[in-house]
Amino acid sequence: MAKAAHHLSPCLSSPEVGLLLGVEGQRPMGYRPALTSPGDFRQRRGAPGATRGAFVAAARSSMRRGVATTQSASRIAAVAVECSDALLKVSRGPGTPGVTQKPCKSASSTRSPAAPSKSAKPALSERYRPPPTLPELVGMLAGDTLGVRMTALQSLQACATNEGSRSSMVASGAPGLLVAMVADMPRVGLELGRMSLLLLTSLALESAGRAAILASGAVPTFLKLLPRLTGEVQELVLSLLGGLAARDAGGIAADRVRAEMVAQGVVPPLLALLRSHSARAVSLASAALAHIATYHGNSARIVELGAIAPLLDSLLPSADPEVQAKAAWALANIASTNRSRNVLLEANAISALAQLLKDGPLIAKAQAAGALAALATRDPKDRMHIASLGDEDEDEDVDALPLDGHIFLDAGVMEPLVALLSDSDAPEAQAQAAHAVMQLAVRHPLQEPIIAAGAL
């Protein structure tokens with residue numbers, strides 16, 4: 001019916017039909033217009049075939065009630081019939097002659113109907129206003145009313161499944177307007193904020209979109225709002241933070257993005273949410289930390305801020321399987337330097353991961369194997385990750401860990417690792433288990449126990 005309303009808007013805005021519908025002019029006391037909208041008309045009159053008679057009858061009714069004069073009644077009826085014909089065409093759906101549907105247009109364009117003869121009256125279809133283009137819809141995000149903004153958001157979101165449409169939205173400045181709307185969420189309301197975050201999530205699929213979102217000050221905006229958010233809106237913000245840290249952003253290296261996010265203070269709010277009662281929030285916060293820790297230069301800061309204890313708590317058998325998996329993934333990425341591995345070993349992380357490897361759900365077992373592989377790794381020196389970004393590593397390198405490989409055997413990791421190697425239905429788990437076994441075999445003198453466990 002929204003489609004019908006759009007195509008009927010030229011005739012429904014005329015003063016004659018305004019009188020008919022009770023939109024224009026003074027309404028007599030107690031007057032209830034025969035029709036109030038195309039949707040109302042359809043509900044009352046049923047089949048589209050009844051449109052012509054219904055509109056004419058409504059015109060006559062309006063005249064009798066004093067809304068229209070006798071002099072203008074014929075004109076009202078004539079325009080009403082024209083409107084009814086348009087409604088009949090629209091109601092037939094896609095493919096109707098004379099009704100052109102061009103959703104998600106990325107550039108301004110106008111229709112060019114055939115020029116009418118001088119004696120002929122222009123057809124109603126020639127006076128249709130074309131639907132707004134994507135740049136026009138983006139401009140509506142700064143509309144004067146919340147209703148205009150919501151309409152624009154809904155239309156843009158419907159087009160955001162297309163890569164070309166997303167690129168056009170980014171080029172038209174949508175990220176900045178959306179971030180501003182999220183920042184103004186206390187005033188504009190949660191629903192507009194939620195819709196803005198949904199569209200930002202779609203635009204963040206594009207590298208240029210992520211760059212524009214970051215340049216619009218999204219991270220400080222999100223961090224300011226995050227402690228006060230709950231439910232779906234909170235989850236959307238967490239998902240966006242993880243997505244921004246996952247990949248490069250318009251030519252900016254992914255590690256640089258991650259380093260800047262940590263400098264902007266992203267870690268403490270994420271750590272606070274690791275204690276949330278919402279399993280979904282804990283899972284998304286852990287995933288965001290995992291992405292941020294992919295840049296090894298962030299590991300030390302994440303450890304200093306106290307990430308290890310809540311992440312290990314998330315491995316407990318009582319935790320949600322998705323929470324367990326994301327926490328183990330975060331721990332694997334944090335364990336990228338000798339310094340971080342030392343902290344994890346002191347926190348008895350091997351025992352906690354071994355228990356998850358034995359008794360946890362398959363999705364969590366795969367990530368636990370990956371974390372054990374990271375813990376089994378030994379670097380002669382920590383790599384100068386931060387120096388690669390043009391900074392200096394303030395900490396001295398940590399010597400190779402004096403790690404006896406038998407600590408893994410004592411924790412009982414070999415049997416469940418070999419079991420994962422044999423599970424052809426779980427290729428990711430197989431790959432993670434193979435990586436762990438390789439690290440144990442190469443980095444530590446454990447070849448004989450590995451062979452005895454049946455790994456080969």
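Which residues does Leu137 touch, not counting those up to four places away in sequence? I began my look at this predicted model with that question, and I noted that Leu137 touches Pro132, Ala152, Ser155 and Leu156 once residues up to four places away in sequence are set aside.

**Entry on Leu137.** I placed Leu137 in helix α6, which covers residues 134-140. I then looked up its exposure and found a relative accessible area of 6%, which is under 20%, so I recorded Leu137 as buried. I also checked the separation from Thr151, which lies 14 residues apart from Leu137 along the chain, and read 8.6 Å between the two C-alpha atoms.

**Entry on α7 and α11.** I turned next to helix α7 (residues 146-159) and helix α11 (residues 190-203), whose axes come within 10 Å and cross at roughly 30 degrees. Because angles under 35 degrees count as roughly parallel, I wrote down α7 as roughly parallel to α11. The handedness I entered for the crossing of α7 and α11 is left-handed. On the α7 side I listed Leu146, Arg149, Met150, Leu153, Gln154, Leu156 and Gln157, and these meet Glu191, Leu192, Met195, Ser196, Leu198, Leu199 and Ser202 in α11. Sorting the contact of α7 with α11 by class, I have 8 nonpolar, 4 polar and 2 charged residues. I marked Leu156 in my notes, since Leu156 is one of the α7 residues that meet α11 and is also among the residues touched by Leu137.

**Entry on α13.** How many of the 8 residues of helix α13 are buried? I found 6 of them to be so in this helix of residues 218-225, and therefore I describe α13 as largely enclosed by the rest of the structure. The buried residues I noted in α13 are Ala218, Val219, Thr221, Phe222, Leu223 and Leu225. From this helix I singled out Thr221, which at 15% relative accessibility counts as buried. Leaving aside neighbours within four places in sequence, I see Thr221 in contact with Val179, Val182 and Ala183.

**Entry on the nonpolar core.** Which residues touch the most other members of the largest nonpolar core? I recorded Met169 and Leu241, in a core of 109 residues, and I added that helix α23 (residues 362-376) gives the most to this core, with 10 residues. I followed Leu241 further and, with neighbours within four places in sequence left aside, found contacts with Val219, Phe222, Leu223, Leu226, Met261, Val266 and Leu270. Val219, Phe222 and Leu223 from that list are also among the buried residues of α13.

Notes: Residues numbered from 1 in each chain as written. Predicted model: local features only at pLDDT ≥ 70, side-chain atom pairs only at ≥ 80, totals over all residues. Heavy atoms only, no water. Axes fitted to C-alpha atoms, helices over the stretch in contact; angles between N-to-C directions. Helix = DSSP H or I, 4+ residues; strand = E, 2+ residues; numbered from the N terminus. Parallel < 35°, antiparallel > 145°, perpendicular 65-115°, else oblique. Left-handed = near helix turned anticlockwise from the far one by under 90°. Contact = heavy atoms within 4.5 Å. Nonpolar A, V, L, I, M, F, W, Y, C, P; charged D, E, K, R; others polar. Buried < 20%, exposed > 50% of the residue type's maximum accessible area, 1.4 Å probe, protein only. Core = buried A, V, L, I, M, F, W, Y, C linked by side-chain atoms within 4.5 Å.
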